[in-house]
Amino acid sequence: MRTGSMRVAEISLPAIRHNVQHIRELTGGQVIAVIKANGYGHGASFAATAAIEGGATLLGVADLEEALALRDAGITAPIICWLHGAGVDFDAAVEHDIEIGVSHLSQLDSLAQAAHRAGKTANLQFKLDTGLSRNGASPDEWRDLFARGAALETAGQVRVRGIFSHLANAGEAADRQQQQRFDEAIELLLECGIEPEMVHLAASAATFASPHLRYNTVRVGMAIYGLSPMAGKTSADLGLVPAMTLRSEIVALRHISAGTGVSYGYNHVAQSDTTLGLIPFGYADGMPRALNGSGATVTIAGRHCPIVGRIGMDQCIVDLGKLGKKVTVGDPVVLFGDPTSGVPPVELWAEVMGTINYEIVAGIGSRVVRVASERPVATTQKLEVAHPDAMHEFGVRLGRRLVAGDLVVLTGPLGAGKTTLTRGIGEGLEVRGPVTSPTFVLARTHPALGDGPPLIHVDAYRLADAHELEDLDLDFEGSVVVAEWGAGLLDEQGSWVEIVIERPTGAGAGLDADAVTLDMSDGPIEPRRIVVTGYGPRWAGGVL
Ligand SMILES: *Cc1c(COP(=O)(O)O)cnc(C)c1O
């Protein structure tokens, strides 16, 4: 992460590569990766590079300006653009080898003239309107357009590489009708003597929902960023990994008493004494002002904290509740990301706004620094444990799988059962106990009873930074490390396991500061949800 930046959209390149590769395997055809609108807000260059590495054969943008900006950024892969203003400069397109989606005879002629001036052959694909009533050649133009394309191809001025159209997503019957018209167009194109290499109709939604619409190529935007194009289906349901994690930090804390008004207009008034955290993220950065009071949360130290009070242009406020005693200025905040890692999904914002996830990511503001991450793609598994004994059992099973060098990062609210779980891990590893809450020490080493590695139990929450841990001079390579509250604080590299324990909502609300040494076995028996995520090659097949 770029240091000093308060607002970061962390873009997972491994996620984009994975998503493109997944779509290629699913469809068996070519993939055009759509990276218009700054890669749907993810950063067009990052998205371009990762998509090509994942196996995309062509990059798609709307405007020629976007295509040229990618060339300026050093992207040499094939690019197509398809939405042209009256004053479009096809000379620049030809000069920079940008393929053109052609919707009109006049565009075809201007492109051919530009190619002639440059002494080159221009690549193009015909863009057809099969029922969206938007951009694209209308059916009554097709014959003339194709015939002229064939003549220009014979003359060596253009190469017609493909033919495409866009669906209205208006239901199966409408899809069928568009497909039928598209098939007629393909037929006509072949009659005119043009054999297209790429034939494409499906964008993200149809790629997943309608295999019969995939032809030999799909043209996907949303899905390469790991977001679901289908209502009622999550990214994980479709085998996709969300690429954007929106991060910020706490820049101020304020302890307030019950009855205190918060932010503009006092439309939130604290019901009880609490601590507020100030987050430098506002509506200019893409956080919709209407999220205020909607129940939307951000994640801090694994805990969901509600956004309260009106959202400003540059900042918003969260109610930290009991967590207020544990956090400090500078602590990381996740606004949304991959929900399988326990943070809110972007869809939460979209739902509140009555819009689609597309609009939220595309609207992330320019002050938000896009930072590429090579953090490996994760495999996530979930389980429910109904009883502390089951939590312990899970720990024992996990402990038996761990070897020297493994890192386990544990996150969960007070009393969630982190110590119970670690005690189980210790038993599975066969180390000397007793394993207790590490709250009053930075790190405790439990020596091995047999031939296995020792266990180092860390309270990362007490660390100012990772260097403090290095100063302790512990043998991490030769040990298994379990770090409580370590998510995002440790220098996670290579492979590691992240475990998030969630309590049922509202549970533990009565805990006071004295409860820090409580563990699950002391509290009432409540079920827990455990989200286990394995990062990196070591855990590629899952943790459990
Ligand atoms: C934006 C766009 C796409 C990509 O759509 P997704 O739903 O994001 O996959 C494909 N084709 C055209 C013509 C587009 O404008």
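**Which residue follows α13, and is its phi positive or negative?** The answer is E430, which comes right after the helix and has a positive phi, near 60°. Keep this residue in mind as you look through the views of this predicted model.

**Figure 1. The whole protein sets the scene for the close-ups.** Here you can find 14 helices and 26 strands. The C-alpha atoms fill a box of roughly 85 × 60 × 45 Å along the principal axes. The protein has 544 residues, and 52% of them count as buried. Now think about contacts with a separation of 6 or more: residues 24 or more positions apart account for 69% of these. The accessible surface comes to about 23000 Å², and carbon and sulfur atoms hold 50% of that surface.

**Figure 2. Helix α13 is largely enclosed by the rest of the structure.** This helix runs over residues 418-429, which makes 12 residues. From its first C-alpha to its last, α13 reaches 16 Å, close to the 16 Å expected at 1.5 Å a residue. Of its 12 residues, 10 are buried, so the helix is largely enclosed. Among the buried ones you can look for K418, T419, L421, I425 and L429; G424, G426 and G428 are also buried. What covers them? The cover of the buried residues includes helix α12 (388-401) and the strands β21 (407-411), β23 (455-459), β24 (480-484) and β25 (496-502). Just past the end of α13 you meet E430 again, with its positive phi.

**Figure 3. Strand β15 pairs with β16 and with β18.** Strand β15 covers residues 297-300. Follow its side chains: T297 and T299 point one way, V298 and I300 point the other way, and all of them are buried. With β16 (residues 303-308), β15 pairs in the antiparallel sense over four bridges. To spot one of the partners, start at T297 and look for P306 in β16. The two strands β15 and β16 form a hairpin, with two residues between them. In that turn sits A301, whose phi is positive at about 50°. With β18 (residues 332-336), β15 again pairs in the antiparallel sense, here over two bridges. In this pairing, I300 has V333 as its bridge partner.

**Figure 4. A ring of named residues surrounds the ligand.** Around the ligand you can find V34, K36, Y40, W82, H166, A203, S204, R219, V220, G221, M222 and Y358. Three polar neighbours are worth a closer look. A polar side-chain atom of K36 lies 2.7 Å from a ligand oxygen atom. In H166, a polar side-chain atom lies 3.5 Å from a ligand nitrogen atom. For M222, a polar backbone atom is 2.8 Å from an oxygen atom of the ligand. Taken alone, the ligand exposes 390 Å², and the protein buries 92% of that. Helix α2 (36-40) and strand β9 (217-220) are the elements that give two or more residues to the shell.

**Figure 5. A155 is an exposed residue in a loop.** You will find A155 in the loop between helix α7 (139-154) and strand β7 (158-165). Is A155 buried or exposed? Exposed means over 50% relative accessible area. A155 has a relative accessible area of 53%, so this residue is exposed. For a sense of distance, compare A155 with V61: they are 94 residues apart in sequence and 28 Å apart in space, C-alpha to C-alpha.

Terms used:
Residues numbered from 1 in each chain as written. Predicted model: local features only at pLDDT ≥ 70, side-chain atom pairs only at ≥ 80, totals over all residues. Heavy atoms only, no water. Expected span 1.5 Å × (residues − 1). Buried < 20%, exposed > 50% of the residue type's maximum accessible area, 1.4 Å probe, protein only. Contact = heavy atoms within 4.5 Å. Pairing = 2+ DSSP bridges. Near = heavy atom within 4 Å. Polar contact = N/O pair within 3.5 Å; in protein donor to acceptor, adjacent residues only side chain to side chain. Areas by Shrake-Rupley, 256 points an atom, 1.4 Å probe, with all protein chains shown as cover.
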